[in-house]
Structures are given as C-alpha cells and as structure tokens.
Amino acid sequence: MTEAAIRRTPGTPCWVSLMVHGLAATEEFYRELFGWEFRPGPQQLGPYVRGMLDGRAIAGIGQLPPDRQLPISWMTYLATDDADLTADTIRSCGGTVGVGPLDAAEAGRMAIAADPAGSVFGIWQAAAHIGTAVAGAHGTPVWNELITRETSAVGKFYEALFNYDVESVESTDFDFLTLRLEGRPVASLHGVGRALARDLGSHWMTYFEVDDTDAAARLVTELGGRVIKPPHEGTHGRLATVADPEGAVFSIVRSAGHRQLADL
C-alpha cells in the first residue's frame with residue numbers, strides 16, 4: 001500500500017513539525033538523537049526538510065526567516081479530509097487560523113491554527129504525503145498531549161471540531177481528558193492549572209519513542225539541549241521532558257508497547 005492510499009480518520013494526529021532559526025544545526029541534533037536522515041520537503045513556507053527513518057517520513061523541520069522571532073516549538077498536525085472546511089469550523093468555534101489553508105506542492109493541503117486557549121496546531125489534508133509513516137520505533141512520535149490551564153472549555157472546542165469521544169478522569173485534583181476516535185485513544189488534554197509554564201503557555205506536547213529514556217536524556221544534554229523533567233516512571237512507560245538547543249520542548253518515552261524498527 002502506498003502512502004497516498006492510506007486515509008487517517010479526521011482528528012487523528014498525523015504529523016509533527018518544527019520551525020527553527022538554525023536548520024543545519026537542528027538537523028544534526030535530531031540526527032544524533034533519533035537517527036533521522038533528512039530529505040527536502042515542500043518549500044512553500046521556506047527551507048524545509050523531512051526527518052526520515054529507513055526511507056520513511058517521521059517529522060518535518062523548517063527554517064524561519066531571520067527577522068521572525070517566534071517561539072520555537074514542536075507542532076502537532078491533525079488529519080482532515082477538507083482543510084478549508086475544517087479551517088472554517090475552527091473560526092466558528094472560537095479558534096483562529098494564522099496560515100492557510102494552502103497547498104504544500106503535491107504533498108497535501110494545510111493550515112496552522114490556534115485553539116481558544118492559544119495552543120497552536122496544524123491541520124493536514126493528505127494527498128501524496130499522509131504524514132508520519134512509522135510507528136513504535138526509536139525516534140518516532142508515539143503520543144500527542146495538549147498541556148493547558150484547564151480542559152473543560154478547550155475540550156469542547158476539539159470535540160466540536162472533530163467529533164471526538166471524550167473520556168474524562170473523575171477526580172477533584174486531576175484534570176485530564178482522553179480523545180478517542182472509533183473507539184481508540186488518539187490524544188489527550190491535560191489541565192495543569194497554575195503549573196502551566198508561563199514561557200510556553202498552553203501548548204501541544206509531542207512524545208517521541210526511544211530505546212532508553214535515561215540514555216536519550218543524557219544524549220540531549222551532550223548535544224546542547226537540556227533536561228526539563230528528568231527520567232521517571234509514568235503510567236505508560238519511562239519518560240522525560242527535554243528541550244533541543246533552540247528551546248523546543250518535547251518528551252521522550254520508552255513506552256510499555258515499545259517496538260524496534262525491525263519488528264515493524
């Protein structure tokens with residue numbers, strides 16, 4: 001089956017990308033950390049490459065114009081069958097659309113938006129490029145979670161946008177929603193209240209699978225990044241929160257369902 005033949009249910013996280021100032025240095029960081037190789041991608045928004053594993057696309061990295069001083073952060077893209085219709089729905093539900101919808105050459109059609117809490121995310125209507133093509137191996141996105149102040153209002157936004165089934169954790173001191181599509185969990189929303197980092201604000205967090213969380217965290221620092229939350233045991237595996245040399249925050253995890261690339 002070719003990539004173009006695969007349809008992802010609308011609302012499914014399907015791609016992650018990063019915009020940076022130093023493209024070459026960022027490529028080197030993720031090459032050493034995750035083993036990615038890089039190939040040129042669509043250039044509609046400037047220089048852009050795709051990180052690859054075994055010839056299959058994993059994530060995108062683009063270069064910001066020198067005069068653009070934007071926060072450096074990983075961005076989650078949600079699949080859609082109609083980027084223009086989804087963009088209209090975002091606006092009608094209280095979100096904003098900052099870029100697009102526009103065509104990314106033959107790859108697909110995309111837009112960049114923000115939810116009512118200010119979290120930036122993308123939408124992706126696939127054509128030749130479906131998004132991340134490998135799951136479960138070292139260096140691949142394994143989960144996406146919205147970190148926000150509280151989930152009730154923003155949860156209703158995403159539910160209206162993609163008709164998720166929303167499962168909440170019933171607790172007075174824990175604010176957590178799981179978004180489900182066709183019976184399976186695809187993403188989560190975590191309300192952290194006053195613990196929300198002021199420099200990040202409400203944001204989507206990408207979790208990348210690793211073979212060894214502790215070793216990967218050490219390597220992050222050796223490569224010029226930093227560890228924000230050291231390795232620890234979580235509900236679904238051993239994880240840590242880190243940042244690359246330009247400050248893009250992400251999580252690394254060896255999940256309970258970890259698989260080697262050779263097993264796929």
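In the predicted model, helix 2 is followed by Gly-94, a residue with a positive phi, near 100 degrees. At the opposite end, where helix 2 starts, a side-chain oxygen of Asp-82 comes to within 3.1 Å of the backbone nitrogen of Asp-84.

Helix 2 (residues 83-92) lies across strand 6, strand 7 (108-114) and strand 8 (120-126), and its direction is at about 180 degrees to that of strand 6. Its buried residues are Ala-83, Thr-86, Ala-87 and Ile-90. Viewed down the helix axis, these buried residues fall within an arc of 105 degrees and therefore line one face of helix 2. An α-helix has 3.6 residues a turn, so residues three or four places apart point the same way. The buried residues of helix 2 pack against strand 6, strand 7 and strand 8, and also against helix 3 (152-162). On the face turned away from this buried side, helix 2 carries the exposed residues Leu-85 and Ser-92.

The strands beneath discussion belong to an open sheet of eight strands, in the order 2-3-4-1-5-8-7-6 and with mixed pairing. Strand 2 (37-40) and strand 6 (96-104) form the edges, each pairing on one side only. On average, and with direction ignored, neighbouring strands of the sheet are turned by 30 degrees against each other. Within the sheet, strand 1 (residues 13-20) and strand 5 (residues 74-79) run antiparallel and are joined by five bridges; Pro-13 has Leu-78 in strand 5 as its bridge partner. Helix 1 (residues 23-34) also packs on the sheet, where it touches strand 1, strand 2, strand 3 (48-53), strand 4 (56-63) and strand 5. The direction of helix 1 makes about 150 degrees with that of strand 4.

Terms used. Residues numbered from 1 in each chain as written. Predicted model: local features only at pLDDT ≥ 70, side-chain atom pairs only at ≥ 80, totals over all residues. Heavy atoms only, no water. Pairing = 2+ DSSP bridges. Helix = DSSP H or I, 4+ residues; strand = E, 2+ residues; numbered from the N terminus. Axes fitted to C-alpha atoms, helices over the stretch in contact; angles between N-to-C directions. Contact = heavy atoms within 4.5 Å. Buried < 20%, exposed > 50% of the residue type's maximum accessible area, 1.4 Å probe, protein only. Arc of directions from axis to C-beta. Polar contact = N/O pair within 3.5 Å; in protein donor to acceptor, adjacent residues only side chain to side chain.
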